Amino acid sequence: MVVTRFAPSPTGFLHIGGLRTALFNYLWARRNDGEFKLRIEDTDMSRNSAEATRAILEAFEWVGMDYDGEPIYQSDRFDLYRSYIIRLLDEGKAYYCYMSKEELDRLREEQMARKERPRYDGRYRDFTGEPPKGIEPVVRIKAPLEGEIVFEDGIKGTITISADEVDDFIIARSDGTPTYNFVVAIDDALMGITDVIRGDDHLYNTPKQIVVYEALGFKLPKFYHVPMILGEGGKKLSKREGAADVMDYKRAGYLPEALLNFLVRLGWSRGDQEIFTMEEMLEHFDPSDINASASQYNPDKLLWLNAHYIKNSSNERLASLLEDFGVYLLAHDKREILLDIFKERCKTLKEMAEQITEVLETPKEYDAKAIKKAMKGDASEILARFGRKLESAGELHLPTDYHSLLEDFVKESQIGFGKIGMPLRVALTGRLGGPDLSDMMSIIGKKETLQRVENFLRHMDMNYAS
RNA sequence: GGCCCCUUCAUCUAGCGGUCCAGGAUGCAAGGUUUUCAUCCUUGUCACAGGGGUUCGAGUCCCCUAGGGGUCACCA
């Protein structure tokens, strides 16, 4: 049985690095019919917030990842941690250290002055005398004095760290509260976590946690330290790149499956495959295939994937998603045409909403450059003539109806398509570019088309009359 | 700075000693399709960080150098 966990500290929103780690854990657990658990690391009472926890849960819900059981809050488990501290104290595997913060600071300064690594010197490790008065002691665990701490990392291979890199670190503060490396080891062991997949910024915590595991006689899980996601240029991921809230991606019009697909391919691959459905990820993901080197955030690829998933979404889903962006299409009679057209051309839902709105609304202004290009010579006249033809035509509904009308017009007038195409385009949207003219006319209807032609001709008269 | 980890196109990556004059994808460029823009299709551009070994043979193994990242709390 594989049991994994995601263990964020609720100090802010969930960013994509965290989401990727969560995804890896989720996939590996689900692939093995195991369990994926959530643990909130809130031992530092001054820094955590309930709001942050809610934000993390919200992000999970958006991308569709579920976890087993209820989230575990470390703040609920202080008594448990306390009992293990007492046990280690009783067994002589941990001890009270009466060194004050000031003394410790002084020691560190001296060590740094001597160009040594700041490190607790173990002065209370075997202390048996009378403890100094007026000091609330911390509890330190006895780390090995010599030798090496060696463990197998499923991604990076054998990691060897010299014992003198690991000092007798504090497991309980002077106020009695337990510290991070201690509680992580206990919780992982007690929760039955078999595979720890986490960011490689935790690589150096692992030997410390191993000290705890061994002192308590717990079985070690497998460790996988996933390289970080770097920003563009190979530097730390910045807020405007991917360090922002995962929910910002929703607000920017990304589909959750696009984000997940993007993230799973950052550091992991399967041959040449780029597109992965959740089912395919579930079928193939293995943390031991994760690359040992860091990867960079690549917004272009995310956009490409998002465009791909938009194209392959049902119109019904898109219509309902678009409501978050102020576009209400569920009851629109030309909904299918509209969505068929725009899902082919947009990279985000937000962009789609903007472009749909542009077509649905009468242009408020006309691009001067477009006019210059489209309205040469007798363009106004041609457009007016097209208007009259449209008016006198009968009932028109489908894009093909409008298309034949346009074709007839071009033939009768003995002009190229561009002669009417460009002016009509500016009349309809205010600029050059955009969807097929027949499609647009069909969507907005005959009446609105005529109205826009008329509006535009009036605009030309008023501003460009010669 | 000490320690640990990493190093294939601009970017994500394939490659697990010969099948690699290094493959795919994104980006970029050109062409085609289209009434325009976008999509789409085709083609092209672009890499084994450097230097030593090991080996009949190295992108693949080892060492060194350089570069990058991480970490050194009574934070998590």
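A residue counts as buried here if 20 or more other C-beta atoms lie within 10 Å of its own, and as exposed if 12 or fewer do. Keep that in mind for the helix α2, where I56, A59, F60 and V63 are buried. We'll come back to them shortly. One thing to know before you start clicking: this is a predicted model.

**Stop 1: the whole chain**

Show chain A as a cartoon and zoom out. You should be able to pick out 19 helices and twelve strands. Turn the chain around: along its principal axes, the C-alpha trace spans about 110 × 45 × 35 Å. The radius of gyration of chain A is 32 Å, while a compact globule of 466 residues would have one near 23 Å. Of those 466 residues, 35% count as buried. If you look at contacts between residues at least 6 apart in sequence, 79% of them join residues at least 24 apart.

**Stop 2: colour the domains**

Give each domain its own colour. Domain 1 is made of two stretches, 3-70 + 228-304, domain 2 is 74-180, and domain 3 is 362-464. Now look at domain 1 and domain 2 together: their centres, taken over C-alpha atoms, are separated by 33 Å. Ten residues from domain 1 and eight residues from domain 2 take part in the contact. On the domain 1 side, the residues touching domain 2 are five nonpolar, two polar and three charged.

**Stop 3: helix α2**

Select residues 50-63, which form helix α2. The end C-alpha atoms are 21 Å apart, and that agrees with the 20 Å expected for 14 residues at 1.5 Å a residue. Now show the side chains of I56, A59, F60 and V63, the buried residues promised at the start. They cover an arc of only 100° around the axis, so they sit on the same side of α2. What do they pack against? Show α1, α8 (246-251) and α9 (256-264), the partners of the buried residues of α2. Then swing round to the other side of α2, where A50, E51, R54 and E61 are exposed. Step off the end of the helix and you meet G64, with a positive phi near 80°.

**Stop 4: helix α3**

Next, select residues 78-90 for helix α3. With 13 residues at 1.5 Å each, α3 should span 18 Å, and the distance between its end C-alpha atoms is 18 Å, which agrees. Which residues of α3 are buried? Pick Y81, Y84 and L88. They fall within an arc of only 60° around the axis, which places them on the same side of α3. Around them, bring up β4 (94-97), β5 (138-141), α5 (180-190) and α6 (205-216), the elements that the buried residues of α3 pack against. On the other side of α3 you'll find D79, S83 and D90, which are exposed. Just after the helix, click on G92, which takes a positive phi of about 75°.

**Stop 5: two loop residues that aren't glycine**

Go to D33, in the loop between α1 (16-31) and β2 (35-40). The phi of D33 is near 55°, a positive value in a residue other than glycine. Buried or exposed: which is D33? It counts as exposed, because it has 8 C-beta neighbours inside 10 Å.

Then move on to K115, in the loop between α4 (101-113) and β5. K115 isn't a glycine either, and its phi is positive, about 60°. With 6 C-beta neighbours inside 10 Å, K115 counts as exposed.

**Stop 6: two long-range pairs**

Select G233, which has its place in the loop between β11 (229-230) and α7 (239-243). G233 has 10 C-beta neighbours inside 10 Å, so it counts as exposed. Add Y297 to the selection: the two lie 64 residues apart along the chain, yet 9.2 Å separates their C-alpha atoms.

For the second pair, jump to S380 in helix α16 (residues 379-392). S380 is partly exposed, because 17 other C-beta atoms lie within 10 Å. Draw a C-alpha to C-alpha line from S380 to D461: it should read 9.0 Å, though the two are 81 residues apart in sequence. Leaving aside residues up to four places away in sequence, S380 touches M375, L457 and M460. Show those three and you've reached the last stop of the tour.

How values were computed: Residues numbered from 1 in each chain as written. Chains lettered and ligands numbered in written order. Predicted model: local features only at pLDDT ≥ 70, side-chain atom pairs only at ≥ 80, totals over all residues. Domains from an automatic or database assignment. Contact = placed C-beta atoms within 7 Å. Nonpolar A, V, L, I, M, F, W, Y, C, P; charged D, E, K, R; others polar. Helix = DSSP H or I, 4+ residues; strand = E, 2+ residues; numbered from the N terminus. Expected span 1.5 Å × (residues − 1). Arc of directions from axis to C-beta. Rg over C-alpha atoms; globule rule 2.2 N^0.38 Å.
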